[in-house]
Every structure is written in structure tokens, then in C-alpha cells.
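Thank you for making the time this morning. I would like to walk through one model, moving from a single side chain outward to the charged pairs.

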Amino acid sequence: MTKLEQIEKSVAELSPEDLKAFATWFEELQADMWDKQIEADAKAGRLDKLLAEAREEIAAGKLRDL
């Protein structure tokens, strides 16, 4: 049995309360990982093109308030 299969089996056996706690923890983990990836991408300049495009659209008046 692979490590992933072991994890899946363990998660499937959690009580409803523990599953809810696990889900909350996992969502927070994913959000933290996403934030770190965005920060790394920004520092590496991988978002510069998107930022420039957004600024051009703002300057051209192409955006509207939500």
C-alpha cells in the first residue's frame, strides 16, 4: 500500500468531527501553499506581464467597478 493509499484509508475512517477538523486544516494548508506560490511567482517576475496588462486596461478606462 502506498503512502497516499494509507492516508486515504485513514481519512475515510475519521469520525465526522475529526473529518471536519481535518478538512479545515487541509484547506488552510492549501491556502498557505497558494500564498507562498503567488509570492514566489511575484518575486520571480512571473506576474509582471499580467500586472502590466492590468495597468494598461486601467489607463485605457476598460475596467468597471464590481
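Let me begin with Val11, which sits in helix H1, the helix covering residues 3-12. Please keep in mind throughout that what we are looking at is a predicted model. Is Val11 buried or exposed? Strictly speaking, neither word applies, because its relative accessibility is 23% and Val11 therefore counts as partly exposed. If we set aside the neighbours within four places in sequence, the residues in contact with Val11 are Leu19 and Phe22. As for Glu39, that residue is 28 residues away from Val11 in sequence, and the two C-alpha atoms are 31 Å apart in space.

That brings me to helix H2, which runs over residues 16-43. A careful check here is its length: at 1.5 Å a residue, the 28 residues of H2 should span 40 Å, and since the C-alpha atoms at its ends are 41 Å apart, the expectation and the model agree. Just after H2 comes Gly45, whose phi is positive, at about 85°.

Now to the charged pairs. How many salt bridges does a search of the whole structure find? The search returns 4, and I will go through some of them.

Within H2, Lys36 and Asp32 are joined through their side chains in a salt bridge, with an N to O distance of 3.2 Å. These two residues are 4 residues apart in the helix, which is about one turn. Lys36 is exposed, its relative accessible area being 54%, whereas Asp32, at 35% relative accessibility, counts as partly exposed.

Glu39, which I mentioned a moment ago, forms a salt bridge with Lys43, and the closest N and O atoms of that pair are 3.2 Å apart. Here again both residues belong to H2 and are 4 residues apart, about one turn of the helix. Glu39 is partly exposed, with a relative accessible area of 45%, while Lys43 is exposed at 69%.

There is also a salt bridge between the side chains of Glu13 and Lys9, where the distance from N to O is 2.6 Å. Glu13 has a relative accessibility of 54% and so counts as exposed, and Lys9, with a relative accessible area of 43%, is partly exposed.

To close, I would come back to the pair we started from, Val11 and Glu39, with 31 Å between their C-alpha atoms: Val11 has contacts with Leu19 and Phe22, and Glu39 has its salt bridge with Lys43.

Terms used:
Residues numbered from 1 in each chain as written. Predicted model: local features only at pLDDT ≥ 70, side-chain atom pairs only at ≥ 80, totals over all residues. Heavy atoms only, no water. Buried < 20%, exposed > 50% of the residue type's maximum accessible area, 1.4 Å probe, protein only. Expected span 1.5 Å × (residues − 1). Contact = heavy atoms within 4.5 Å.
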